[in-house]
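Hi,

Here is the structure I said I would pass on. Have a look at it first, and my notes on what turned up follow below.

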Amino acid sequence: MIKIATPHLEELAQKHYEALKSKIKFPTCKYSLEEVITAKPDKLHEIAMHYKDNHKFDVMRKEYKKFTVKTDNDTYDAYTLAQSLNVTVCPYCNRNYTFTVRSKNGSTRPQFDHFYDKATYPILALSFYNLIPSCPTCNASIKGRKEFSLTTHVHPYVEGFDDKARFALHVKDSSFYYDEKGFDLEFGSNDAKEQKNIDDFALEEIYKNHKDIVLELIQKSVMYNESYIEELMKNYEGTLFKNEEDLLRLIFGGYISDEDLGKRPLSKLTKDILEQLEII
């Protein structure tokens, strides 16, 4: 899980509400439409618990379905929201790109996962902080209608995994330098909510299919030893790259700063393994 770090989220949430408010015939309830649409995660949870399985709010699900239909560039819809959020890698798995492209030749965007699923919590079907831009694998294939809650799972608008959940390389024998069978890859956390995300998105099982990437990191860590990196820094810093962090990204293929992990798939995996290999 990588935290969504889009700037000016409150402003975007308000614009989301302003664009939708005239389209929704909102039933009378404890909360105003504006409160429901712009509610931050803590408030989302409160609303969810108050109106769970209350289907007088199915109007919100119907409006969400209209919201996801591709329209022209001047209409506020799911493509507009995806473009404004500019989340380019799935925050749930950090494996798949989620670019938004809208053109006459074809369009694509991330799917929007409902953190609180819209079938159980229809009142939140259009709530800004309940719409998580994500890849089809995480949203449709794996999560589906699994019960998620702020009390049981990590919410990507609240926090990411950071260092509490880590990938770990476990060497089995000396062949680990040239053979994937020589090591195991594990992913886990001592935080119960983070582990629930890992389990419910099957992240450990899925990432075992990326052992080839880990093997490349191991091999490159030998090839690009400390003296070689120092030589590259001496010869090319300020021309081919700005600093050592840029050089390491060029060599190993992933970002290594926590604030940049959402820029490229597999960066969390890359960072954790490079730390274990004592490259960073």
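Before the notes, one cut-off: a residue is called buried when its relative accessible area is under 20%, exposed when that is over 50%, and partly exposed in between. Also keep in mind that this is a predicted model.

**Salt bridges**

With that cut-off in hand, start at Asp-272, which is buried because its relative accessible area is 0%. The side chain of Asp-272 meets that of Arg-166 in a salt bridge, 3.7 Å from N to O. This pair links distant parts of the chain: Arg-166 sits in strand S5 (residues 165-171) and Asp-272 in helix H12 (residues 267-276), 106 residues apart. Unlike its buried partner, Arg-166 is partly exposed, at 28% relative accessible area.

Another salt bridge joins Lys-271 and Asp-258, at 3.3 Å from N to O. Lys-271 belongs to helix H12 and Asp-258 to the loop between H11 and H12, so this bridge ties together parts that are 13 residues apart in sequence. Here Lys-271 is the buried partner, with 5% relative accessibility, while Asp-258 is partly exposed at 38%.

Those two pairs belong to something wider. Asp-163, Arg-166, Asp-258, Lys-268, Lys-271, Asp-272 and Glu-275 are linked in a network of salt bridges. If you want the general idea behind such pairs, side chains of opposite charge can pair when their charged atoms come close.

For a more local example, go to helix H3 (residues 41-50), where Lys-43 and Glu-46 both lie, 3 residues apart, or about one turn of the helix. They form a salt bridge whose closest N and O atoms are 3.4 Å apart. Both ends are partly exposed: Lys-43 has a relative accessible area of 30%, and Glu-46 comes in at 36%.

How many salt bridges does a search of the whole structure find? The count is 22.

**Cysteines**

You may wonder about disulfides, each of which is a covalent bond between the sulfur atoms of two cysteines. The count here comes to 0. Why is Cys-90 not bonded to Cys-135? The sulfur of Cys-135 is the closest cysteine sulfur to that of Cys-90, but at 3.7 Å it is too far for a bond, since the cut-off is 2.5 Å. Likewise, Cys-93 is in no disulfide, and its nearest cysteine sulfur, in Cys-138, is 3.7 Å away. As for burial, Cys-90 has a relative accessible area of 1% and is buried, and Cys-93 also counts as buried, at 3%.

**Pockets**

Next, the empty space. Rolling a probe the size of a water molecule over the atoms shows where such space is left.

The largest pocket holds about 450 Å³ of space. It is lined by 22 residues, and the closest to its centre are Ile-2, Lys-3, Ala-5, Glu-259 and Gly-262. Sorted by class, that lining has 11 nonpolar, 5 polar and 6 charged residues.

The second largest pocket has about 180 Å³ of space. Its lining is made up of Ser-221, Tyr-224, Asn-225, Glu-226, Ile-229, Glu-230, Glu-244, Glu-278 and Ile-279. Which helix gives the largest share of that lining? Helix H10 (residues 226-236) does, with 3 residues. By class, the lining of this second pocket divides into 3 nonpolar, 2 polar and 4 charged residues.

**Two more residues to look at**

Thr-120 lies in the loop between strand S3 (111-114) and strand S4 (131-134). Is Thr-120 buried or exposed? With 11% relative accessibility, Thr-120 counts as buried. Leaving out residues up to four places away in sequence, Thr-120 touches Tyr-51, Lys-52, Asp-53, Arg-145 and Glu-147.

Asp-246 has its place in helix H11 (residues 244-252). At 13% relative accessibility, Asp-246 is another residue that counts as buried. The C-alpha atoms of Asp-246 and Ile-256 are separated by 9.2 Å, with the two residues 10 apart along the chain.

Over to you!

Note on methods. Residues numbered from 1 in each chain as written. Predicted model: local features only at pLDDT ≥ 70, side-chain atom pairs only at ≥ 80, totals over all residues. Heavy atoms only, no water. 1 Å grid on protein atoms, 1.4 Å probe; cavity = no way out; pocket = protein on both sides within 12 Å on 5 of 7 lines; lining within 4 Å. Points joined across faces, edges and corners; volume = space filled by probe spheres on them. Nonpolar A, V, L, I, M, F, W, Y, C, P; charged D, E, K, R; others polar. Helix = DSSP H or I, 4+ residues; strand = E, 2+ residues; numbered from the N terminus. Buried < 20%, exposed > 50% of the residue type's maximum accessible area, 1.4 Å probe, protein only. Contact = heavy atoms within 4.5 Å. Salt bridge = Lys/Arg side-chain N within 4 Å of Asp/Glu carboxyl O.
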